[in-house]
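Trainee: Could we go through this structure together? I would like to begin with the basics and then look at particular places.

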Amino acid sequence: MFFYFCLVFVFFMLFAIADCEKLEIWQRRLLFTTPFVLLFLISAFRFDVGYDYFAYYEMVTDITDEGVERFEPLSYLFVQIARYFEAPYLLFILFAIPTYIPVYGFCKRTGHPQLAFWIFVFFFWLSSFGVIRQAAAMGIILIAFQALFEKNLIRYLLLCILASLFHMTALIMLPIYFVYYHCSWKSMLLIMIISFVFLKAIFAVLIENELYVNYLLGDIEYEGGTLIRFFYIGLGLLMLYLSYSNKTLDRLKEKFVILIPSFFFPFMLGGSIGGRLSLYFYMLFIYLIPVVLSHSNKKIRMVVMSFLCLYFFMLLYVSAQNTTRSPNVPYQHIFEVDLENPTFRFK
């Protein structure tokens, strides 16, 4: 975990120096861009970091298509490229391109790029190591959000479809354009409450069928027990309160509306499926939190960001305490291992 402490410190120092007014413009831009470049390199060239790292690595070395045939087209293409070059590590470099490069552009579009960068690191960076295909889809959805804010329907729909070629769950974002411009928070709450009751009724029927009982119980009762869903609800309510207090709610209300489904999905569909779907919506926090905090006083900004930093390290700590699988600790990169005869910590 010491590696991550050092990395966060380096990011902080680079941003602090970049804010120095005595520097030339090109020097400030270089210092500002460096944390994003480092984030990409550390993510792309990691080795055996992330829950599914070995599974994806093995798919490249396996000459059959077992497990890969269910992949979406672009994810399948990446596997085939890595196979062609006989370089399993290349797969993670390829996935890093649509996952992390859009973060740079989106953070700049928020108007508060440093705050937005920290939100991505604290909330989404670690999870991107595990949900590899979906992380690529989430990166493209960030670009789609830009089209959404600019009221570009065609571009938004095309980007959602492109994201679904990495992970089909991205299709859930297709109707969000119409929600953003035509749905009030009261309507959205009503829709989600009705959907929640409807799905619970369906599950009550299906759970009587032995064909579905294991799947439903496994996903809803066991995977759905996580406390993270309550954290995001609390964070959303906190941002809502702060935006009301600093009078930014009018310009952000549509974004709060499209966040509402993410708070229901883990309860409706379970922590595994529902949590995965919610990740697309949670990405809006990269925009929301910096805008809200930029209009709050310095003390509130420091308290909130310190809390979010603590959240990041608590996730790492909990991960490190897992004796059967610690996917992110310690960090390794491909240049420190024997790629001809790699040794994996967990298979």
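Mentor: A term first: helices here are DSSP runs of H or I with at least four residues, numbered from the N terminus. Please also keep in mind that the model is predicted.

Trainee: How many helices and strands are there in the protein?
Mentor: The protein has 16 helices and 0 strands.

Trainee: And what percentage of the residues count as buried?
Mentor: Of its 347 residues, 49% count as buried. About 17,600 Å² is exposed by the protein, and carbon and sulfur atoms supply 67% of that area. As for contacts between residues at least 6 apart in sequence, 73% join residues at least 24 apart.

Trainee: Let us pick one residue. Where is F36?
Mentor: F36 has its place in helix 2.

Trainee: Is F36 buried or exposed?
Mentor: F36 is buried, because its relative accessibility is 8% and the cut-off for buried is under 20%.

Trainee: Which residues does F36 touch?
Mentor: Leaving aside residues up to four places away in sequence, F36 touches F15, V103, Y104, C107, P113 and F117. There is also a pairing to note with Y100: F36 and Y100 are 64 residues apart in sequence, and their C-alpha atoms are 8.3 Å apart in space.

Trainee: Which other residues of helix 2 are buried?
Mentor: Besides F36, the buried residues of helix 2 are L31, F32, P35, L39, F40, I42, S43 and A44. The buried residues of this helix pack against helix 1 (2–18), helix 5 (88–109) and helix 6 (113–130).

Trainee: Where does helix 2 bend?
Mentor: Helix 2 bends by about 30° at T34, and a proline, P35, follows within four residues. From first C-alpha to last, helix 2 (residues 25–44) reaches 29 Å with its 20 residues, close to the 28 Å expected at 1.5 Å a residue.

Trainee: You mentioned helix 6. What is its bend, and at which residue?
Mentor: Helix 6 bends by about 50° at F124. Its 18 residues reach 25 Å between the first and last C-alpha, close to the expected 26 Å.

Trainee: Why is helix 6 described as largely enclosed by the rest of the structure?
Mentor: Because 15 of the 18 residues of helix 6 are buried, this helix is largely enclosed by the rest of the structure.

Trainee: Moving along the chain, how many residues of helix 13 are buried?
Mentor: In helix 13, 15 of the 21 residues are buried, so the helix is mostly covered. Helix 13 (residues 249–269) should span 30 Å at 1.5 Å a residue, and its end C-alpha atoms are 30 Å apart, which agrees. There is a kink of about 30° centred on K255. Just after helix 13, G270 takes a positive phi of about 95°.

Trainee: New topic: how many salt bridges does a search of the whole structure find?
Mentor: The search finds 3 salt bridges. In one of them, the side chains of R133 and E72 meet at 2.6 Å, N to O. This pair links distant parts of the chain, 61 residues apart: R133 is in helix 7 (residues 132–149), while E72 is in the loop between helix 3 (53–61) and helix 4 (73–84).

Trainee: Are R133 and E72 buried or exposed?
Mentor: R133 is buried, with a relative accessible area of 9%. E72 is buried as well, and its relative accessible area is 9%.

Trainee: Which residues are linked in a network of salt bridges?
Mentor: The network links R109, E150 and R155. The side chains of E150 and R109 meet at 2.8 Å, N to O. E150 lies in the loop between helix 7 and helix 8 (153–164) and R109 in helix 5, so this pair ties together parts that are 41 residues apart in sequence. In the other bridge of the network, R155 meets E150 at 3.7 Å, N to O.

Trainee: How accessible are E150, R109 and R155?
Mentor: E150 counts as partly exposed at 46% relative accessibility. R109 is exposed, with a relative accessible area of 52%, and R155 is partly exposed, at 31%.

Trainee: One last item: which residues make the nonpolar surface patch?
Mentor: The patch is made by F9, V10, F12, M13 and I17, and its area is about 460 Å². One of these residues, F12, is found in helix 1.

Conventions. Residues numbered from 1 in each chain as written. Predicted model: local features only at pLDDT ≥ 70, side-chain atom pairs only at ≥ 80, totals over all residues. Heavy atoms only, no water. Helix = DSSP H or I, 4+ residues; strand = E, 2+ residues; numbered from the N terminus. Expected span 1.5 Å × (residues − 1). Bend = angle between axes of the 7 residues up to and from the residue. Buried < 20%, exposed > 50% of the residue type's maximum accessible area, 1.4 Å probe, protein only. Contact = heavy atoms within 4.5 Å. Patch = residues over 30% accessible without salt bridge, like charges linked within 9 Å, V, L, I, M, F, W, Y side chains within 5 Å. Areas by Shrake-Rupley, 256 points an atom, 1.4 Å probe, with all protein chains shown as cover. Salt bridge = Lys/Arg side-chain N within 4 Å of Asp/Glu carboxyl O.
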